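Colleague: I should like to go through this structure with you, question by question. Please give the reasoning before each result.

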Amino acid sequence: MMRPFILFACLFSFAGPLSAQERLPETPLTDKVQETKAKHLFTQLKCEVCQGQSIADSNAALAQDMRELIRQKVSSGESDVMILTYFSTRYGDSILMTPPLAPRTWVLWLAPVLFVSFGFFLIFRMFRVQK
Amino acid sequence: MSRFSRFLPLWAFALLALFTAISLNRATEQMPQHNMDPMIGMDLPSFSLKSMEGEALLTQQDLAEKTLILNYFASWCAACKAEYPILSDFATKYKLPVYGIAWKDDPNKLKYWLVDAGNIYQRTGLDEKGKLAIALGLKGVPETYVIHNSKIIAVYRGALSEDAVKNFLEPALKEINP
């Protein structure tokens, strides 16, 4: 007898957060070149509240606001660099899908190369020993 | 194959792990925890928001007071209610005015929420489009900023706890009032 009430209570508890996630349809820019540029920028920014997604693929409220802001900036003639810099100065480089190559990111960029080189070295060595 | 070379991949992995741990540790030691947010030191962005106080808009000029707390919250956010007593205690302790900005909220629900929580906000703005939120590097609600002379001097992203106040907000206040 209690089951329907418990189910209702569970569903109701999700109603608040869902109302906050209501989304309005997005309006693409009328200029197709600008819209393509904006869409390309969406793929270069990470969704801050998702796991490994760009804002292009995210349904999060923040990602939708970011897309809208990018469209505004593209239509007002801002360059790609200016738009990406706007976001990275506020969220840090971690918002960029491709982190910049700088002294503090050398390990990040070079570690895979070192790992692969080391792997090749080990394979080469194993074959030589077998011979 | 000697015993050392048999475990060469393991040694190499251990060495790399050690190197990574040292690098990460040095990176966090170089900068105090409360200074790591990219928004620290930036000017408060210009904005003009609808407010809960009738027709009057909330603008950055209203926040030009010497030192204040800016709290991003929402009536649908449970963590915002949970941090409320800590926010209130922090504001009382340092005698700082608190300004609230509701993110993506319904003014009707917000009105009841403020009454229920015991409104501590001097004024409450409504960031419906989330534009100011992005200008402040917001990742979600709640978030708390300490503003001094229209500059952001401290940021805490998440629900405030006593540790968060001690480690992120108070050090900045001590720097301006040693």
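Colleague: Which residues point one way from β6(B), and which the other way?

Modeller: This is a predicted model, and the description of the strand rests on it. Strand β6 of chain B covers residues 143–148, and 6 of its 6 residues are buried. B:Thr144, B:Val146 and B:His148 point one way, and B:Glu143, B:Tyr145 and B:Ile147 point the other way.

Colleague: Which residue of β6(B) does B:Leu68 stand opposite?

Modeller: Strands β3(B) and β6(B) run antiparallel and are joined by 6 bridges. Within β6(B), the residue opposite B:Leu68 is B:Ile147.

Colleague: What is the bridge partner of B:Tyr145 in β7(B)?

Modeller: Strand β7 of chain B comprises residues 151–157, and its pairing with β6(B) is antiparallel, over 6 bridges. In β7(B), B:Tyr145 has as its bridge partner B:Val155.

Colleague: Which residue in the turn between β6(B) and β7(B) has a positive phi, and of about how many degrees?

Modeller: The two strands form a hairpin with 2 residues between them. The turn residue with a positive phi is B:Asn149, at about 50 degrees.

Colleague: Which are the edge strands of the sheet in chain B?

Modeller: The sheet is open, has 7 strands with mixed pairing, and follows the order β2-β1-β5-β4-β3-β6-β7 in chain B. An edge strand pairs on one side only, and this holds for β2 (58–59) and β7 of chain B.

Colleague: In which sense do β3(B) and β4(B) pair, parallel or antiparallel?

Modeller: Strand β4 of chain B spans residues 98–103, and B:Tyr99 in it is the bridge partner of B:Leu70. Over 5 bridges, the sense in which β3(B) and β4(B) pair is parallel.

Colleague: Where does B:Ser48 find its opposite residue in β2(B)?

Modeller: Strand β1 of chain B, residues 48–51, runs antiparallel to β2(B), and 2 bridges join them. These strands form a hairpin with 6 residues between them, and B:Gly54 in the turn has a positive phi of about 80 degrees. Opposite B:Ser48 in β2(B) stands B:Thr59.

Colleague: What is the bridge partner of B:Lys50 in β5(B)?

Modeller: Strand β1(B) also pairs with β5(B), in the antiparallel sense and over 2 bridges. In β5(B), B:Lys50 is partnered by B:Leu126.

Colleague: Turning to the aromatic side chains, how is the pair of A:Tyr86 and A:Phe87 classified?

Modeller: The search of the whole structure finds 9 aromatic pairs over all chains. In the pair of A:Tyr86 and A:Phe87, the centres are 5.4 Å apart and the planes make an angle of 80 degrees. Planes over 60 degrees apart place a pair in the edge-to-face class, so the pair of A:Tyr86 and A:Phe87 is edge-to-face.

Colleague: How many residues apart in sequence are the parts that B:Phe73 and B:Tyr121 tie together?

Modeller: B:Phe73 and B:Tyr121 form a stacked pair, with 4.7 Å centre to centre and 25 degrees between the planes. B:Phe73 lies in strand β3 (residues 67–73) and B:Tyr121 in strand β5 (residues 121–127) of chain B, so the parts tied together are apart in sequence by 48 residues.

Colleague: Is B:Tyr121 buried or exposed?

Modeller: Residues under 20% relative accessible area count as buried. B:Phe73, its ring partner, has a value of 0% and is buried. B:Tyr121 has a relative accessibility of 6% and therefore counts as buried.

Colleague: Which residues do ring pairs link into a cluster?

Modeller: The stacked pair of B:Phe73 and B:Tyr121 belongs to this cluster. Ring pairs link B:Phe73 and B:Tyr121 into a cluster with B:Tyr84 and B:Trp113.

Colleague: At what distance from the ring centre of A:Tyr86 does A:Arg90 lie?

Modeller: A:Tyr86 is buried at 17% relative accessibility. The charged end of A:Lys73 sits over its ring, 3.8 Å from the centre. A:Arg90 lies over the face of A:Tyr86, and its distance from the ring centre is 3.8 Å.

Colleague: Is A:Leu114 buried or exposed?

Modeller: A:Leu114 lies in helix α6 (residues 106–130) of chain A. With A:Leu101, A:Trp106, A:Leu108, A:Trp109 and A:Leu110, A:Leu114 forms a nonpolar surface patch of about 680 Å² accessible area together. Its relative accessible area is 54%, so A:Leu114 is exposed.

Key
Residues numbered from 1 in each chain as written. Chains lettered and ligands numbered in written order. Predicted model: local features only at pLDDT ≥ 70, side-chain atom pairs only at ≥ 80, totals over all residues. Heavy atoms only, no water. Phe/Tyr/Trp six-rings, centres within 6.5 Å; stacked < 30°, edge-to-face > 60°. Buried < 20%, exposed > 50% of the residue type's maximum accessible area, 1.4 Å probe, protein only. Helix = DSSP H or I, 4+ residues; strand = E, 2+ residues; numbered from the N terminus. Lys NZ or Arg CZ within 6 Å of the ring centre and 35° of its normal. Patch = residues over 30% accessible without salt bridge, like charges linked within 9 Å, V, L, I, M, F, W, Y side chains within 5 Å. Areas by Shrake-Rupley, 256 points an atom, 1.4 Å probe, with all protein chains shown as cover. Salt bridge = Lys/Arg side-chain N within 4 Å of Asp/Glu carboxyl O. Pairing = 2+ DSSP bridges.
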